Amino acid sequence: MRGRTLSEMDEARQQYIASLRNFWLGNYELRRLTLYDFVRGVPLIIDTQRPRG
């Protein structure tokens, strides 16, 4: 904490949280637009013609 005021640390924390929020909003928007889960590597559309099980 040396050299930084509490308000600078609070501002940095708020910017970090805003960056995380923007990342996840973008991630879910990309999933919605592409209908693909890039983390799991699978499409988000279920094939209703193929039997499950």
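## Briefing: one helix, two strands and their salt bridges

Leu20 has a relative accessibility of 36%, so it counts as partly exposed, the class between under 20% (buried) and over 50% (exposed). Please keep in mind as you read on that this is a predicted model. The chain has 53 residues, and 4% of them count as buried. Its radius of gyration is 20 Å, whereas a compact globule of 53 residues would have one near 10 Å.

**Overall layout**

- The chain holds one helix and two strands.
- Read from the N terminus on, these elements follow the order α-β-β.
- Helix 1 spans residues 6-34.
- Along the principal axes, the C-alpha atoms fill a box of roughly 60 × 20 × 10 Å.
- The accessible surface of the chain adds up to about 5400 Å², and carbon and sulfur atoms contribute 57% of that area.

**Leu20 and the nonpolar patch**

- Leu20 sits in helix 1, and Phe23 is found in helix 1 too.
- Both Leu20 and Phe23 belong to a nonpolar patch on the surface, which also takes in Tyr16, Ile17, Trp24 and Tyr28.
- Together, the residues of this patch have about 680 Å² of accessible area.
- Leu20 can join such a patch because its relative accessibility of 36% passes the requirement of over 30%.
- From Leu20 to Arg50 there are 30 residues along the chain, and their C-alpha atoms are separated by 37 Å.

**Salt bridges within helix 1**

- If you are looking at charged pairs, a search of the whole structure finds four salt bridges.
- One of them links the side chains of Arg13 and Asp10, with 3.3 Å from N to O.
- Arg13 and Asp10 both lie in helix 1, where three residues, about one turn of the helix, set them apart.
- Arg13 is partly exposed, because its relative accessible area of 48% falls between the buried and exposed cut-offs of 20% and 50%.
- Asp10, its partner, is partly exposed as well, with a relative accessible area of 40%.
- Another salt bridge pairs Glu29 with Arg32, whose closest N and O atoms are 2.8 Å apart.
- Glu29 and Arg32 are likewise both in helix 1, three residues or about one turn of the helix apart.
- Glu29 has 36% relative accessibility and so counts as partly exposed.
- Arg32 is exposed, because its relative accessible area of 52% is over the 50% cut-off.

**Arg31, Asp37 and their network**

- Arg31 is found in helix 1, and its salt-bridge partner is Asp37, with the closest N and O atoms 3.2 Å apart.
- Salt bridges with shared partners join Arg31, Asp37 and Arg40 into one network.
- Asp37 has a relative accessible area of 4%, which is under 20%, so this residue is buried.
- Beyond its neighbours within four places in sequence, Arg31 is in contact with Tyr36, Asp37 and Leu44.
- Asp37 is thus a residue that Arg31 both contacts and meets in a salt bridge.
- Looking the other way along the sequence, Arg31 and Met9 are 22 residues apart, with 33 Å between their C-alpha atoms.

Key:
Residues are numbered from 1 along each chain as its sequence is written. This is a predicted model: local features need pLDDT of at least 70, side-chain atom pairs count only at pLDDT 80 or more; totals for chains, interfaces and linings use all residues. Side-chain values use heavy atoms; hydrogens and water are left out. Helices (H or I, at least four residues) and strands (E, at least two) are DSSP runs, numbered from the N terminus. Contact means heavy atoms within 4.5 Å. Patches are made of residues with over 30% relative accessible area and no salt bridge: like charges are joined within 9 Å, nonpolar side chains (Val, Leu, Ile, Met, Phe, Trp, Tyr) within 5 Å. Accessible areas come from the Shrake-Rupley method with a 1.4 Å probe; for residues, only the protein chains shown count as cover. Buried means under 20% relative accessible area, exposed over 50%, partly exposed in between (1.4 Å probe, protein chains only). The radius of gyration is taken over C-alpha atoms; the globule rule is 2.2 Å times the number of residues to the power 0.38.
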